[in-house]
Amino acid sequence: MDIKLQQLKHFSLVAELRGFRAAASKANRSQAALSTSVKELEKILGQSLFDNGHKAKLTPFGEFCLPKINQFLKLYEELNSDLCAAAAGQLGQVRIASVPSVAAKLIPTVLASYTENHPNVDVALVDDNAAGVEARLLAGEVDLALGNCLHIQDERIEFTPLLADPLGVVCLKDHPLTQQARDIEWQDLVALPFVKNGTCTLLEPTHANVLAANARYSVENITSLFSVLKLGIGITTLPKLAFPDDERDLCWLPLTTPYVERQIGILRLKDRYFSPQAYEFYELCKARISDDRRNQSQR
């Protein structure tokens, strides 16, 4: 016969309150029912827990059992509390992968709100390029991914768009392009030295793909890319979100022909269990990022 949790609780309560009557009252049970529960525990253990001459006095065996049982009951209460908190999304971990521009500009405000309402949930954030973000999601390394979906038709991925991020030209602030009176077209860039970067895949479906195809330089890391551009070696194209707001030496100019934009959104796996913690972050991302971009467009 197995020991029941209720039997352990009743034993501990009698020992704590030093009497069956007081313990029965606190447990909201009859004294006879509580006494029977303790006797069944003694029968299972094969030893008396309370002295026969003084029902509330522990035997040496009872003295041995009490701290161990209390320790177990404490661990049980902590486990019960933690599991309930985790089920409610208030405990656990959320793992997120994001393209650097979103991680730097959009995630911080979401994270601030999330941690305020979920102080005991650990958040792990890793930044990667668009392909890396998708790979981490498909490998099960993260619960959510934020960026532009490269394989939007992939049946495994659910993509929720949040905002459109237009592509533009990045050059020095004193570059001749900044003095051009009309809108910038891709033909204006053909004769200029071009620095290819990871986001230039956005140009592939357009005539402007020739810019990346004939590029003299290729730089993947965004920090290194800006360092090269500041030397005046060439120009490049970048989504607006990837361009720092506080950049002093470089500027971002809209590319009107062709007009290219990437859809930034949240990626999740359709057939993967979605924890309450991840769902809360997912919903907050949708609400906060959409609101932030709407407010910026109204300024």
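In the predicted model, residues 24 or more positions apart account for 70% of the contacts in the chain with a separation of 6 or more. The chain contains 10 helices and 12 strands. Its radius of gyration is 32 Å, well over the 19 Å that the globule rule gives for 299 residues, so the chain is more spread out than a compact globule. Taken along the principal axes, the box filled by the C-alpha atoms is roughly 105 × 35 × 30 Å. Buried residues make up 42% of the 299 residues of the chain. The exposed area of the chain is about 16,700 Å², and carbon and sulfur atoms supply 50% of this area.

The largest nonpolar core has 34 residues, of which Val 102, Leu 146, Ile 266, Leu 267, Phe 281, Cys 285 and Ile 289 touch the most other members. Two or more residues of this core come from each of strand E3, helix H6 (107-117), helix H7, strand E5, strand E6, strand E12 and helix H10 (276-298). The largest contribution to this core is that of H10, with 6 residues. Apart from this core lies another, of 19 residues, which includes Cys 171, Trp 186, Leu 211 and Leu 255.

Leu 146 illustrates the packing of the 34-residue core. Leaving aside neighbours within four places in sequence, Leu 146 is in contact with Ile 96, Ala 97, Ser 98, Val 99, Val 102, Ile 107, Val 133, Gly 265, Ile 266, Cys 285 and Ile 289. One of these contacts, Ser 98, also stands opposite Leu 146 in E5. The strands concerned, E3 and E5, pair in the parallel sense over 3 bridges. E3 also pairs with strand E4 (residues 121-127), again in the parallel sense, over 7 bridges. In that pairing, Gly 92 stands opposite Val 121 in E4.

Helix H7 (residues 130-138) has Ala 130, Gly 132, Val 133, Glu 134 and Leu 137 as its buried residues. The cover over these residues includes strand E3 (92-98), strand E5 (144-148), strand E6 (157-172) and strand E12 (261-269). H7 is followed by Gly 140, which has a positive phi near 80°. The loop between H7 and E5 also holds Asp 143. With a relative accessibility of 12%, Asp 143 counts as buried, because the cut-off for burial is under 20%. Not counting residues up to four places away in sequence, Asp 143 touches Gln 93, Val 94, Arg 95, Leu 137, Arg 268, Arg 272, Phe 274 and Ala 278. Among these, Leu 137 is one of the buried residues of H7.

Helix H2 (residues 20-27) has three named buried positions, Phe 20, Ala 23 and Ala 24. These residues cover an arc of only 100° around the axis and therefore lie on the same side of H2. The face turned away from this buried side carries Arg 21, Ser 25 and Lys 26, which are exposed. Asn 28, just after H2, takes a positive phi of about 60°.

Strand E10 (residues 236-239) is covered on both faces. Thr 236 and Leu 238 are buried on one side, and Thr 237 and Pro 239 are buried on the other. E10 runs antiparallel to E6, and 4 bridges join the two strands. Within this pairing, Val 170 stands opposite Thr 236 in E10.

Phe 243 lies in the loop between E10 and strand E11 (250-257). The relative accessible area of Phe 243 is 10%, and this residue is buried. Outside the neighbours within four places in sequence, the contacts of Phe 243 are Lys 105, Val 170, Phe 226, Leu 250, Cys 251 and Trp 252. Val 170 thus appears both in contact with Phe 243 and opposite Thr 236 in E10. The C-alpha atoms of Phe 243 and Ile 222 are separated by 9.5 Å, with the two residues 21 apart along the chain.

Methods:
Residues are numbered from 1 along each chain as its sequence is written. This is a predicted model: local features need pLDDT of at least 70, side-chain atom pairs count only at pLDDT 80 or more; totals for chains, interfaces and linings use all residues. Side-chain values use heavy atoms; hydrogens and water are left out. Buried means under 20% relative accessible area, exposed over 50%, partly exposed in between (1.4 Å probe, protein chains only). Contact means heavy atoms within 4.5 Å. Two strands pair if DSSP finds at least two bridges between them. The arc is that of the directions from the helix axis to the C-beta atoms. A nonpolar core is a set of buried Ala, Val, Leu, Ile, Met, Phe, Trp, Tyr and Cys residues joined through side-chain atoms within 4.5 Å. The radius of gyration is taken over C-alpha atoms; the globule rule is 2.2 Å times the number of residues to the power 0.38. Accessible areas come from the Shrake-Rupley method with a 1.4 Å probe; for residues, only the protein chains shown count as cover.
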